[in-house]
Amino acid sequence: PLYSSAASDVYKRQLHYQPIVNMNSGDTVFEALVRLVDEDDALYLPGQFLPQLTEGNHGTLHDLDRWVVEHALEGLSELSGKAAAGYSVAIKLASPMADVARMMPFLSSGMRNASIKGKRRIYLALSSPTVIKDVAKAKQVLNVLHGMNCGLIIEHVETGPASIELLKELPTVEFVLSLIHI
């Protein structure tokens, strides 16, 4: 398999950053995306290795997300200059909501250790199906994120009834405005 403990010597994880620009305000958020790279520098996208994680090794998916959080925080903390204080990172996660909720103390501790301060410097990016499967847990996560001055981006929001119900369940307008990411 492309992603397994036996393959960890052959494949290395890397974070790539993709800018997301708000065309109205000019604000930019950098989305942290995990990639695997083999010994020949071939790059593997999540669609090539995440299905293997979700099929059988639930814990490994959580471990991968923790690695992404840790390295995205580290990358943000290493930026310098006046503009660096305004940079924000959206950390794309693949774990179920229960695992994302378990990750909140890790995120909080990581932000403290990396001395990341300021409002909305960190966003967690989750897929709409992940949130819809456990809206109650998503609300808990959102409350914790707001308490840490972080935000939440929900991707792949469709116009069906489940998404409309999801929007009704969200506790604040601010979250709704930062929610839909295209």
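How many helices and strands does this chain have? Hello everyone, let's start there. The chain has eight helices and seven strands. Please keep in mind that we are looking at a predicted model. Of its 182 residues, 41% count as buried. And if we take the contacts with a separation of 6 or more, residues 24 or more positions apart account for 69% of them.

Let's walk through the strands. E1, residues 12–21, pairs with E2 in the antiparallel sense, over 10 bridges. If you want a landmark on that pairing, take His16, which stands opposite Leu33 in E2. E1 and E2 form a hairpin with six residues between the strands, and in this hairpin Gly26 has a positive phi near 85°.

From E2 we can step across to E4. These two strands pair in the parallel sense over four bridges. Here the landmark is Glu31, with Ala90 of E4 opposite. So, how enclosed is E4 by the rest of the structure? Largely enclosed, because four of its five residues are buried.

The next step takes us from E4 to E5. They run parallel and are joined by four bridges. You can find two of the partners quite easily: Val89 has Ile122 of E5 as its bridge partner, and Ala90 stands opposite Tyr123 in E5. So Ala90 is a handy residue to click on, because it is opposite Glu31 on the one hand and Tyr123 on the other, while E4 itself has four of five residues buried.

Now, which residues of E5 are buried on each of its two faces? As background, side chains in a regular strand alternate between the two faces of the sheet. In E5, one side carries Ile122, Leu124 and Leu126, the other carries Tyr123, Ala125 and Ser127, and all of these are buried. That is six residues out of six, and E5 is mostly covered.

One more step, from E5 to E6. This pair is parallel too, with five bridges. Look for Ser127, which has Glu155 of E6 opposite.

Let's turn to the inside. In soluble globular proteins, nonpolar side chains tend to be buried together. Here the largest nonpolar core has 36 residues, and those with the most contacts inside it are Ile91, Leu107, Ile122, Leu124 and Leu145. Several elements give two or more residues to this core, among them E2, E4, E5 and E6, and helices H3, H4 and H6. Which element gives the largest share of this core? H2 does, with seven residues.

Leu107 is a good place to see this on your screen. Leaving aside residues up to four places away in sequence, Leu107 touches Val69, Leu73, Ile122, Leu124, Leu145 and Met148. There is also another core, apart from the largest one, made of five residues that include Val29, Ala90, Ala125 and Ile153. You have already met Ala90, the residue opposite Tyr123.

Next, the second largest pocket. Its volume is about 290 Å³. It is lined by 16 residues, and the closest to its centre are Pro46, Leu50, Lys92, Leu93 and Ala94. Strands E2 and E5 and helices H1 and H2 are the elements that give two or more residues to the lining. What classes of residue make up that lining? There are nine nonpolar, three polar and four charged residues.

To finish, a few individual residues. His146 sits in helix H6. It counts as partly exposed, because its relative accessibility is 22% and the buried class is under 20%. The C-alpha atom of His146 is 9.3 Å from that of Lys119, although the two residues are 27 residues apart along the chain.

Then there are two loop residues to look at. Ser115, in the loop between H4 and E5, is not a glycine and yet has a positive phi of about 55°. Asn149 is in the loop between H6 and E6. Its phi is positive as well, near 60°, and Asn149 is a residue other than glycine. At 36% relative accessibility, Asn149 counts as partly exposed.

That's the tour. Thanks for listening, and do open the structure and have a look around!

Methods:
Residues numbered from 1 in each chain as written. Predicted model: local features only at pLDDT ≥ 70, side-chain atom pairs only at ≥ 80, totals over all residues. Heavy atoms only, no water. 1 Å grid on protein atoms, 1.4 Å probe; cavity = no way out; pocket = protein on both sides within 12 Å on 5 of 7 lines; lining within 4 Å. Points joined across faces, edges and corners; volume = space filled by probe spheres on them. Nonpolar A, V, L, I, M, F, W, Y, C, P; charged D, E, K, R; others polar. Core = buried A, V, L, I, M, F, W, Y, C linked by side-chain atoms within 4.5 Å. Buried < 20%, exposed > 50% of the residue type's maximum accessible area, 1.4 Å probe, protein only. Contact = heavy atoms within 4.5 Å. Pairing = 2+ DSSP bridges.
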